[in-house]
Amino acid sequence: MERIVYISTCRTDPDRDMVQDILRTSRRNNRQDDLTGLLVVGGRRFLQVLEGPTAGIDAAYERIKADPRHFALVELSRRPVAARAFAGWNMGCEQIDGEDMTGLVDRLTEKLGDATLQAQFRSFVALHRTAA
Ligand SMILES: Cc1cc2nc3c(=O)[nH]c(=O)nc-3n(C[C@H](O)[C@H](O)[C@H](O)COP(=O)(O)O)c2cc1C
């Protein structure tokens with residue numbers, strides 16, 4: 001099992017309908033491919049964690065890269081993991097706009113037990129805060 005983390009930039013301000021549409025498709029596909037993860041939406045930035053069997057990750061990431069709704073995908077990490085951090089979430093979602101950032105990071109990182117991933121979430125939130 002592997003976990004991949006990437007960030008990307010949305011072409012437009014992602015409104016509720018777009019995020020719901022992404023989640024609907026993601027949850028359907030990810031359930032089929034045994035993938036779990038989390039999508040964080042901060043302004044125009046996406047940060048996504050996907051975990052599961054290598055073949056499923058490869059297929060999903062190819063689809064995601066080809067999606068014209070976002071661009072400038074940067075793979076932050078990809079590595080084998082022993083256990084899922086987001087078991088049971090075919091795709092969780094957090095919107096960080098207008099929310100208390102500290103509270104959000106604490107809630108997210110509580111689930112992780114992975115120092116590298118935790119650092120990535122923290123820097124994503126910090127970046128978004130300074131960019132806003
Ligand atoms: C930020 C973002 C995250 C996405 N995450 C996933 C995902 O986790 N799984 C997935 O199958 N598709 C995801 N998608 C959607 C894919 O890019 C693609 O539109 C979809 O998988 C096509 O599926 P379909 O051919 O079954 O309609 C994401 C798209 C965006 C913009």
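A polar contact here is a pair of N or O atoms within 3.5 Å. Keep that cut-off handy for the exercises below, and bear in mind that the model is predicted.

**Exercise 1. Work out which side chains make polar contacts with the ligand.**

Step 1: Start with R28. An N or O atom in its side chain is 2.7 Å from an oxygen atom of the ligand. The cut-off is 3.5 Å, so the R28 pair counts as a polar contact.

Step 2: Try D67. Here a side-chain N or O atom and a ligand oxygen are 2.8 Å apart, and that pair passes too, because the limit is 3.5 Å.

Step 3: Finish with N29, where a polar side-chain atom lies 3.1 Å from an oxygen atom of the ligand. That gives you R28, D67 and N29 for your list.

Step 4: Now zoom out to the whole ligand. On its own it has 620 Å² of accessible area, and the protein covers 80% of that.

**Exercise 2. Describe the shell around the ligand: how many residues are in it, what classes they belong to, and which element gives the most.**

Step 1: Count the shell. The ligand is surrounded by 17 residues, with S26, R28, N30, Q48 and D67 the closest.

Step 2: Sort them by class. You get seven nonpolar, six polar and four charged residues.

Step 3: Find the top contributor. That's α1, which gives six residues, the most of any element.

**Exercise 3. Find where the ligand sits, then characterise that site.**

Step 1: Locate the ligand. It sits in the largest pocket. Two or more residues of the ligand's shell come from each of α1 (16-33), β3 (45-52) and α2 (54-65).

Step 2: Size up the pocket. Its volume is about 300 Å³.

Step 3: Look at the walls. The lining is made of 16 residues, and those nearest the pocket centre are I22, S26, I64, D67 and R69. Once again α1, β3 and α2 are the elements giving two or more residues, this time to the pocket lining.

Step 4: Break the lining down. α1 gives the most, with five residues. By class, the lining has seven nonpolar, six polar and three charged residues.

**Exercise 4. Leave the ligand site and describe the largest cavity: its space, its lining and the elements behind it.**

Step 1: Check how many there are. The structure holds one cavity of 30 Å³ or more, and about 40 Å³ of space lies in the largest cavity.

Step 2: List the lining, namely R3, V5, S77, R79, V81, D114, T116, L117 and Q120. It divides into three nonpolar, three polar and three charged residues.

Step 3: Trace the lining back to elements. At least two residues each come from β1 (2-10), β4 (70-80) and α4 (115-131). The largest share belongs to α4, with three residues.

Terms used: Residues are numbered from 1 along each chain as its sequence is written. This is a predicted model: local features need pLDDT of at least 70, side-chain atom pairs count only at pLDDT 80 or more; totals for chains, interfaces and linings use all residues. Side-chain values use heavy atoms; hydrogens and water are left out. A residue is near a molecule or strand if one of its heavy atoms lies within 4 Å of it. A polar contact is a pair of N or O atoms within 3.5 Å; within protein, one must be able to donate a hydrogen and the other to accept it, and residues adjacent in sequence count only if both atoms are side-chain atoms. Accessible areas come from the Shrake-Rupley method with a 1.4 Å probe; for residues, only the protein chains shown count as cover. On a 1 Å grid over the protein atoms alone, a cavity is a set of points where a 1.4 Å probe fits but cannot get out, and a pocket is an open set with protein on both sides within 12 Å along at least five of seven lines; lining residues have an atom within 4 Å of a point. A molecule sits in a cavity or pocket if more than half of its atoms lie within 2 Å of its grid points. Helices (H or I, at least four residues) and strands (E, at least two) are DSSP runs, numbered from the N terminus. Ala, Val, Leu, Ile, Met, Phe, Trp, Tyr, Cys and Pro count as nonpolar, Asp, Glu, Lys and Arg as charged, and the others, Gly among them, as polar. Grid points are joined across faces, edges and corners, and a volume is the space filled by probe spheres set on the points.
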